[in-house]
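Thank you all for coming; I would like to take a few minutes on one cavity and one surface patch. Please have a look at the model first.

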Amino acid sequence: RFIAKPCAINLGIQDSGPHRAQPNAILEKVFTSITKSPDGKRLEGLSKQLDWDVRKIQRWFRHRRNQDKPTTLTKFCESMWRFTFYLSIFFYGIRFLWTAPWFWDTRQCWYNYPFQPLTSRLYYYYILELAFYWSLMFSQFTDIKRKDFLIMFVHHLATIGLITFSYMNNMVRVGTLVLCLHDASDFLLEAAKLANYAKYQRLCDAFFMLFGVVFIVTRLGIYPFWILNTTLFESWELIGPYPSWWLFNGLLITLQILHIIWSYLIIRTASKALVRGKV
């Protein structure tokens, strides 16, 4: 409200929404109770009932559907908040992990397990991430509705489950690696969205392509060969199969399946962008 909105206005993003449909009780009842996209037969019936032209009724429904869509300003403010958090938490994580021995040697995640100290910096890193993903879980129902609602809901569930489960079982060392790895690309996607809303097309394309490269390298390269390798094989070798081993790795593999789906979507979007000339 106090930072993102003034930034958006300075960039020329207007606070005006789409053209609003003129009030009509009959059409509004059909829209809210029956269908938002009436077929030809229903359009003809409404045309006779209201003595309106069919095209006029189609235009009313189109305006009514667009009326519920969030403004560009609203989307800009939401993305700026997420960009700020992802960027801040990523640099916090990198700064913290740079001096951590398990950042350079993943086998350190399992030495002396579970008797590993929980430092204050590690604790705050975990609590900040957990609080943010809980907020996304709840706000997803009130924020801007997107096409990937279901897959994001599964992602938030898996993420919250992993953070909580790893904290309860003192697997925080490997947990910090997972968190930092995921934050590495998220702020780039939000930066691409911000550039898109502000109509800086070349900057948007550059951020999106950079995001795609970082996402695929981290999620399809580093994550399976570095993170899953240590949770599946190094942990088995050093501490043996503990009772919660199957659940922990099951959640991590669920995330990897989501990574594969998203990578496919990113590659498809990038290939279309190369053909069209813009994202």
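Which helices each supply at least two residues of the lining of the largest cavity? They are α7 (120–139), α8 (149–168), α9 (172–197) and α11 (245–276), where helices are DSSP runs of H or I with at least four residues, numbered from the N terminus.

Before going on, I should say that this is a predicted model, in which local features need pLDDT of at least 70 and side-chain atom pairs count only at pLDDT 80 or more, while totals for chains, interfaces and linings use all residues. Residues are numbered from 1 along each chain as its sequence is written, and side-chain values use heavy atoms, with hydrogens and water left out.

A search of the whole structure finds one cavity of 30 Å³ or more, a cavity being a set of points on a 1 Å grid over the protein atoms alone where a 1.4 Å probe fits but cannot get out, with lining residues having an atom within 4 Å of a point. The largest cavity holds about 160 Å³ of space, a volume being the space filled by probe spheres set on the points, which are joined across faces, edges and corners. It is lined by 16 residues, of which Thr159, Leu162, Ile163, Val178 and Leu179 are the closest to its centre.

Turning to the surface, leucine 118 lies in the loop between α6 (101–104) and α7, and it counts as partly exposed because its relative accessibility is 38%, the class between buried, under 20%, and exposed, over 50%, with a 1.4 Å probe and protein chains only.

How values were computed. On a 1 Å grid over the protein atoms alone, a cavity is a set of points where a 1.4 Å probe fits but cannot get out, and a pocket is an open set with protein on both sides within 12 Å along at least five of seven lines; lining residues have an atom within 4 Å of a point.
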